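Me: I should like to learn how to read the side-chain features of a structural model. May we work through one example together?

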Amino acid sequence: QNPDKPLSSEEKSSGLEDGQESLDNPDQSIRKRIRQSAPGSYRDDTPKSSPPRPVSVEELMETAKGVTNMALAHEIVVNGDFQIKPAELPEHSLEKKVRDIVHKAFWDCLEAQLKEDPPTYDHAIKLLGEIKETLLSFLLPGHTRLRNQITEVLDLDLIKQEAENGALDISKLVEFVIGMMGTLCAPARDEEIKKLKDIHEIVPLFRAIFSVLDLMKMDMANFAVSSIRPKLMQQSAEYERKKFQEFLEKQPNSLDLVTNWLQEAADDLEKLRSNRLPPHGSGDGAAGEASALCPTAVQNQAYLKLLKWDHMNRPFPEVVLMDQSRFQEIQLELEQLLLTGTVLLVVFSAAGSALVDIPGFAEKIKTIVKVLLTGMHLPAFNLKESLATIGEKVCAEVNSCLSQHGFTPFTAERETVLKGQIQAVANPDNTICKLIDSRIQKFLENYLASSHQKSLPAIPGGLGPIQRELEEIAVKYVRLVNYNKMVFSPYYDAVLAKILTKEESQLAGKSKE
């Protein structure tokens, strides 16, 4: 915008509304700015499915809530180890400093009130009220006796009267609270309850009680998660599809990235097919080959592309966005496994058949490579240096193993050659590395195509030493893919129908020519 141009009344009111929204709900404001700015930078060339329309704050909040619930349900179902954990603020962050200052001021105020003569119990009674509500929230409908006990002992009206008449024994009330917490807490919190009994000053005791209550709330939330998981798994696909449809109705262009992703996969398959076709004019064989692409093949190719994704520079497709971290983790595991498999193939090729059948040798080499490649995806990691160290360690292990089993150790010249071959793995154009990579991709492709079958496809040649690790990754990957297909298949079908119809039209035109 031109800074010298005066703002219109509409722009001013819009700016004021944005500012007020930022003040009232900063998290929502940030989410709004992310949605407005981030996708736009990638969609300049994408035709919009509908003209933009004004979106109210209420619609934004409702949409954000729906997406959050969908993501939470998805995480509970997909991640069997999912647990709610307390937020940990960075040690020297501004937020932590502000929180600590406010908390200290609060507890100092409580201490000052209790030290007055006579003591003032206003703050303490409010805290007892909060403790009462928290304890009641832990009870199940059948806990009538416990509910009556809590209500009777922590009767705030009676407590206020006792405070006004100077007859309040706050230590007795706190003792009851600690006993009730011990009754309601999980066994894992027994140690924290014992520590509460050793605190004799009221203010530190109140502070410790609230800390343990927060842990108990977390335990209760995780118990609720584990309780609803079986029920949620039965309905999760339908629930996520419903929530995504609600989001799509409010954001009609929310399938743009998916469309581009599937189009790229179709183009890749078309290119591969063109390369395999016989030369022009070779007869009916070529015409027979030029059939329409299979939707399942295009979809599987798209999923394989996620394992080579540039996460730093490309936005992830909308329908797999909730699993981006999981796909990225699989991608990193495969990249490390690729280097491990390449080093093993180089070593076995150099040593011949002498080491292939020696028990435990491949595992030792894998351990060496895995340890020295730890952190390979961090910016400070030096791959060439690590491969040089791997070469030294591997040569020492090879010579030791050969000597133990009565074979002639490597000469200095053969060691130099092996170290050079291992260091050459760092080259992106390394022939052996590209070969292993293509075979890993082929195995995953075959597994996707036969995922309805119980048995895994055969392992391609050269991948035997890393078979166990590859199969573990493949099972995790295909489980993720199949769940995603189950949830979003109607959207995939709709997008692929448009893409393949266009491909068929182009194919028909070429046939006429």
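Me: Which residues are linked with E363 in a network of salt bridges?

Reply: As a general idea, side chains of opposite charge can pair when their charged atoms come close. In this predicted model, the network joins E363, K366, R468, E469 and E472. One link within this group is the salt bridge between E363 and K366, whose closest N and O atoms are 2.9 Å apart.

Me: Where do E363 and K366 lie relative to each other in helix α15?

Reply: The two residues are three positions apart in helix α15, which spans residues 361-372, so about one helical turn separates them.

Me: Are E363 and K366 buried or exposed?

Reply: They should be read individually. E363 is partly exposed, at 37% relative accessibility. K366 is buried, with a relative accessible area of 8%.

Me: How many salt bridges are found in the whole structure?

Reply: The search returns 25 salt bridges. Among them is the contact between K115 and E111, with 3.3 Å between the closest N and O atoms. Here K115 is exposed, its relative accessible area being 63%, while E111 is partly exposed at 29%. Another is formed by the side chains of D100 and R99, at 3.7 Å from N to O. D100 has a relative accessible area of 33% and is therefore partly exposed; R99 is likewise partly exposed, with a value of 35%.

Me: I should now like to turn to the aromatic rings. How many aromatic pairs does the structure hold?

Reply: There are 14 aromatic pairs. One of them is formed by F106 and W107: the arrangement is edge-to-face, with 5.0 Å between the ring centres and 85° between the planes. To read such a pair, one considers the distance and the angle, and then the surroundings of each ring. F106 is partly exposed, at a relative accessible area of 32%, whereas W107 is buried, at 9%.

A second edge-to-face pair consists of F244 and Y491, whose centres are 5.1 Å apart and whose planes make an angle of 75°.

Me: Which parts of the chain does the pair of F244 and Y491 tie together?

Reply: F244 belongs to helix α10 (residues 202-250) and Y491 to helix α19 (residues 467-512), so this pair ties together parts that are 247 residues apart in sequence. Both F244 and Y491 are buried. The ring pairs also extend to further residues, for F244, F247, F488 and Y491 are linked into a cluster.

Me: Which residue lies over the face of W309?

Reply: That residue is R314, located 4.1 Å from the ring centre of W309. The chain offers a further example, in which R414 lies over the face of F410, at 4.1 Å from the ring centre.

Me: One matter of caution remains. What average pLDDT does the chain have?

Reply: The average is 80, and 80% of the residues score at least 70. Over residues 281-289, however, the pLDDT is below 50, and this stretch has four contacts in the model beyond near neighbours in sequence. Residues 1-52 also stay under 50, with 33 contacts beyond four places in sequence. Where pLDDT is low, the predicted coordinates should not be read in detail.

Conventions: Residues numbered from 1 in each chain as written. Heavy atoms only, no water. pLDDT = per-residue confidence, 0-100. Contact = heavy atoms within 4.5 Å. Salt bridge = Lys/Arg side-chain N within 4 Å of Asp/Glu carboxyl O. Buried < 20%, exposed > 50% of the residue type's maximum accessible area, 1.4 Å probe, protein only. Helix = DSSP H or I, 4+ residues; strand = E, 2+ residues; numbered from the N terminus. Phe/Tyr/Trp six-rings, centres within 6.5 Å; stacked < 30°, edge-to-face > 60°. Lys NZ or Arg CZ within 6 Å of the ring centre and 35° of its normal.
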